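Visitor: I have the sequence and the coordinates open. Please walk me through them, one question at a time.

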Amino acid sequence: MTEIIDGNAVASELRDELTDAIETLADAGSRPGLATVLMGDDPASQTYVNMKQRDCEEVGIESHHVDVDGDAPPEELYDAIAALNDDDDVHGYIVQAPVPDHVDYRDVIRRVDPIKDVDGFHPENVGRLVAGDARFRPCTPHGVQKLLEAAEIDTEGKDVTIVGRSDIVGKPLANLLIQKAEDGNATVTVCHSRTDDLAAKTRSADIVVAAAGVPELVDGSMLADGTVVIDVGVNRVDADTDKGYELVGDVEFESAKAKASAITPVPGGVGPMTRAMLLYNTVKAASLQESVDVELP
């Protein structure tokens, strides 16, 4: 019987566990603050921002938001970032991607104060992660680790194939899984668009993480029996629905489910964990900045 790993349930439990740490901070006179910055009016980005604001309200984190006109010069966004760096009520913030084409996102990330970089994308935080001393683990990779832990899937000694080499998921997850740690100690292969015979790499894995952003790229024929499948992808494809589309992952779910011992669905798998880990990082950022020890789940 294939286990469907319920990301909604794991995320809900983690949010509940964060309330103790938030209460500890409140007792010390501090309420964690998370800000979102949105440049432009991309509908999907606006939806994500709204969801993050609701998440904050649910657990007792103070939510802030900054809108920047999509046609404004980059300096206007940089000024907003500088103001957040100086705002003591904001312990962490994210600049919602994508930004308009005339703005260099890498330059944006470099301007974020590393202690408030709850995405974990600043070069200083990336370097600390690679060195095995992460301040903030990027939200999606950390969420994947938490899902594996919740499903009691041990990564030690396992062969993991990650399909996708992005700075947001593939690279940091590979670095986390190879580290000498309870939720690491794996042997990791990172595949990408130039990989020859992708199916051979995925069939040899105990755990496959699909994070390429290609709808239903991985199917059951590419998996060995008993493989654990973590599907990071969220893709809109045309469908005969009221909305005119449906969400699918990077894995063809039904054929993969027939082979897998455990699998995450889309939606309801990794996505909720990404948002939950943003709250986790915000609480950790508040703890570091306020010098208050808290117990994190």
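**A helix and two domains**

Visitor: Which exposed residues sit on the face of α2 turned away from its buried side?
Guide: This is a predicted model. Exposed means over 50% relative accessible area. On the α2 face turned away from the buried side, the residues that qualify are P43, R54, E57 and E58.

Visitor: Which residues of α2 are buried?
Guide: The cut-off for buried is under 20% relative accessible area. In α2, the residues that meet it are S45, V49, M51, K52, D55, C56 and V59.

Visitor: Why do they count as lying on one side of α2, and what arc do they cover?
Guide: An α-helix has 3.6 residues a turn, so residues three or four places apart point the same way. Around the axis of α2, the buried residues are confined to one side, because their arc is only 160 degrees.

Visitor: What do the buried residues of α2 pack against?
Guide: Both helices and strands take part. The strands are β2 (33-39), β3 (62-68) and β4 (92-95). The helices are α1 (7-27) and α10 (270-290).

Visitor: Is S45 buried or exposed, and at what relative accessibility?
Guide: S45 belongs to helix α2. Beyond its neighbours within four places in sequence, it contacts L38, Q96, A97 and P98. S45 counts as buried because its relative accessibility is 1%.

Visitor: How far apart are the end C-alpha atoms of α2, and what span should its residues give?
Guide: Helix α2 has 17 residues, 43-59. At 1.5 Å a residue they should span 24 Å. The model agrees, with the end C-alpha atoms apart by 25 Å.

Visitor: What phi does G60 take?
Guide: G60 comes just after α2. Its phi is positive, at about 95 degrees.

Visitor: How is the protein divided, and what separates the domain centres?
Guide: Domain 1 takes 27-133 + 273-288, and domain 2 takes 139-272. Over C-alpha atoms, the separation of their centres is 26 Å.

Visitor: Which three residues supply 46% of the area that domain 1 buries against domain 2?
Guide: The two domains bury about 1,300 Å² between them, 60% of it on carbon and sulfur atoms. In contact are 15 residues of domain 1 and 16 residues of domain 2. On the domain 1 side, more area than from any other three residues comes from L129, M273 and T274.

Visitor: Which residue forms a salt bridge with R106?
Guide: The count between domain 1 and domain 2 is one salt bridge. For R106, the closest N and O atoms are 3.2 Å apart, and the partner is D167.

Conventions. Residues numbered from 1 in each chain as written. Predicted model: local features only at pLDDT ≥ 70, side-chain atom pairs only at ≥ 80, totals over all residues. Heavy atoms only, no water. Helix = DSSP H or I, 4+ residues; strand = E, 2+ residues; numbered from the N terminus. Expected span 1.5 Å × (residues − 1). Buried < 20%, exposed > 50% of the residue type's maximum accessible area, 1.4 Å probe, protein only. Arc of directions from axis to C-beta. Contact = heavy atoms within 4.5 Å. Domains from an automatic or database assignment. Buried area = accessible area lost by both parts, 1.4 Å probe. Salt bridge = Lys/Arg side-chain N within 4 Å of Asp/Glu carboxyl O.
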